[in-house]
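Subject: Structure handover, with notes

Dear colleague,

Please find below the structure that I promised to pass on to you. My notes come after it, and I would be glad if you read them with the structure open.

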Amino acid sequence: MAWWRDAVLYQIYVRSFADSDGDGVGDLRGVVAHLDHLAWLGVDAIWLSPIHPSPNEDWGYDVADYLGVHAELGTQRDVDALIDEAGRRGIRVLLDLVPNHTSDRHEWFVDARSSRASHRRDWYVWADGRADGSPPNNWRSSFGGPAWSYDPATAQWYLHHFLSSQPDLNWWNTEVRGAFDAILRHWFERGVAGMRIDVCHMIVKDRELRDNPPATDDDPAFLRMLGQRQVYDSGLPEVHDVLRRWRRIADAYEPSRLLLGETYVFDLAELASVYGGGDELGLAFNMPFLFASFDAPTLRRIVAETEARLGTAHWPVWTLSNHDVSRFPTRCCEDEDGKLRCALLLLIGLRGTPVLYYGDEIGMADTPVPFEELRDPVGKRFWPATPGRDPARTPMQWNAAPGAGFTTPQSRPWLRLGDHATVNVAAQRDDPASVLRLCRDAIALRRAHHELRRGDSTTVDGPPGVLAWRRGGRFVFALNLTDRDAALPAIEGRLLLGSDRARDGEAIRGALRLRRWEGVLVDAAG
Ligand code: GLC
């Protein structure tokens with residue numbers, strides 16, 4: 001049985017988690033030093049954002065060597081030590097695989113652009129421009145502008161769906177496929193438990209490079225922003241061939257390695273398709289859920305549709321924050337304490353695998369970063385329309401001391417610290433009423449009760465603003481996502497865990513009363 005179905009996953013943006021050597025940048029030894037926190041929290045696996053050598057134009061998502069380790073983050077020995085130390089605590093380690101593109105500094109691309117006749121020319125996507133001197137087609141980069149840059153030395157254009165320093169690989173090329181097979185095997189043999197796969201729904205592009213049609217008003221915001229529907233550069237049927245190929249590799253190991261896709265699709269039927277017949281991705285991120293407005297009718301609809309589309313064969317994954325979006329306490333909770341507690345109960349209580357982003361467990365909010373301190377290329381490019389992704393990437397807030405326990409008091413962190421005097425791990429660990437203790441206790445209950453991990457999920461009827469569901473016929477989660485008191489009729493049992501911890505242990509007979517933004521877990525057998 002797939003281990004990841006029982007797991008709680010935790011994303012670590014390594015540069016921002018813990019700095020062991022005082023250079024202001026988080027590193028692998030820093031992760032090792034905080035494994036006890038993760039074990040205490042009840043995390044089963046960590047996913048590390050890319051750790052490979054990179055010019056850091058896109059902070060590691062521009063890989064220059066898939067088998068190496070970025071010197072700023074550590075060494076190969078540190079990776080082994082991390083896998084080993086994590087394993088000792090029952091924690092698996094996942095890496096981030098970036099197959100859509102490389103850095104332009106990768107030796108493959110250096111070779112490819114050296115001449116039209118170079119051996120690796122076809123590893124990337126090259127094309128002649130149009131007669132009027134414009135790019136080969138109308139595809140757009142997710143980071144703004146055309147998805148093509150002109151290479152004067154060889155007088156052709158190359159494709160890049162992100163920065164021009166992130167050239168797209170050509171996934172029609174069998175050598176490219178072979179190179180990634182070897183990369184996967186390399187890390188799996190080192191003991192890596194799986195891969196989060198970057199931009200995995202769009203690695204294969206139309207061979208004829210046809211123009212995309214325009215977006216319409218009904219399209220999701222992302223496509224309206226691009227101005228086009230990604231008909232020819234995303235979600236092609238051939239993506240599934242690659243996913244099946246990777247799954248065969250992952251399943252050849254014991255236990256099977258997890259393939260967790262970054263699937264930036266807004267259609268839940270399309271999301272279901274990347275699980276294949278159980279022979280493609282093991283888990284696929286649910287973007288409609290991530291971007292949902294935080295109200296009961298919307299969440300109820302998306303959860304129900306996800307359940308219906310994925311059925312019993314596939315397993316959902318739920319996440320509310322990551323390194324690309326505003327953190328959920330800021331994005332959907334207006335920093336309201338009750339709301340963010342409800343959000344954590346939602347993540348941990350839904351049927352599926354939750355993925356926490358570092359800091360979620362303490363309700364860490366975005367930290368505004370002024371223009372002069374921006375590091376994210378997206379922020380720099382689109383400021384002030386959007387602040388970019390730095391506000392969600394600031395250092396982990398371990399304690400209230402100067403440096404936040406992230407780095408030494410004397411060091412300058414690579415991104416400024418947030419409000420660590422108010423929100424930090426140390427203070428919350430000692431406070432039984434804290435967000436951290438709620439998060440940990442919810443995870444512990446999930447670990448203790450099979451029904452909370454594997455039990456089916458059915459909707460519980462109640463007022464429209466209350467989101468309630470039953471797990472395994474026994475446990476009821478109820479979240480009052482309104483700013484008024486509410487009551488759920490006909491609930492019997494014992495309140496196991498409440499966002500207001502003073503209610504833990506309360507007997508519930510008849511109506512379950514909930515205050516504004518209050519969430520609870522009730523054990524009907526209690
Ligand atoms: C993914 C990553 C993001 C990165 C982009 C390009 O969306 O999550 O951080 O910028 O891919 O690699």
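The notes below deal with one helix, then with aromatic pairs, and then with charges over rings.

Please keep in mind that this is a predicted model, in which local features need pLDDT of at least 70 and side-chain atom pairs count only at pLDDT 80 or more, while totals for chains, interfaces and linings use all residues. Residues are numbered from 1 along each chain as its sequence is written, and side-chain values use heavy atoms, with hydrogens and water left out.

Helices (H or I, at least four residues) and strands (E, at least two) are DSSP runs, numbered from the N terminus. Helix 3 has 13 residues (76–88) and, at 1.5 Å a residue (times one less than the number of residues), should span 18 Å, which agrees with the 19 Å between its end C-alpha atoms. Its buried residues (buried meaning under 20% relative accessible area, exposed over 50% and partly exposed in between, with a 1.4 Å probe and protein chains only) are D78, V79, L82, I83 and A86. These residues cover an arc of only 140° around the axis, taken from the directions from the helix axis to the C-beta atoms, which puts them on the same side of helix 3. On the other side of the helix, R77 and R88 are exposed. The buried residues pack (heavy atoms within 4.5 Å) against helix 1 (28–33), helix 2 (35–41), strand 2 (45–48), strand 3 (92–97) and helix 5 (174–189). After helix 3 comes G90, whose phi is positive, near 75°.

Across the whole structure, a search finds 29 aromatic pairs, where rings of Phe, Tyr and Trp (its six-membered ring) pair if their centres lie within 6.5 Å, and planes under 30 degrees apart count as stacked, over 60 as edge-to-face and the rest as tilted. One of them joins F109 and Y158, whose ring centres are 5.1 Å apart with planes at 65°, so the pair is edge-to-face. Because F109 lies in helix 4 (residues 107–112) and Y158 in strand 6 (residues 156–159), this pair ties together parts that are 49 residues apart in sequence. F109 counts as buried at 0% relative accessibility, and Y158 is buried too, at 5%. Ring pairs also link Y66, W108, W123, W171, F180 and W246 into a cluster.

Finally, the charged end of R15 sits over the ring of W414, 4.5 Å from its centre, where such a charge is NZ of Lys or CZ of Arg within 6 Å of the ring centre and within 35 degrees of the ring normal. The charged end of R327 sits over the ring of Y358, 4.6 Å from its centre.

With best regards
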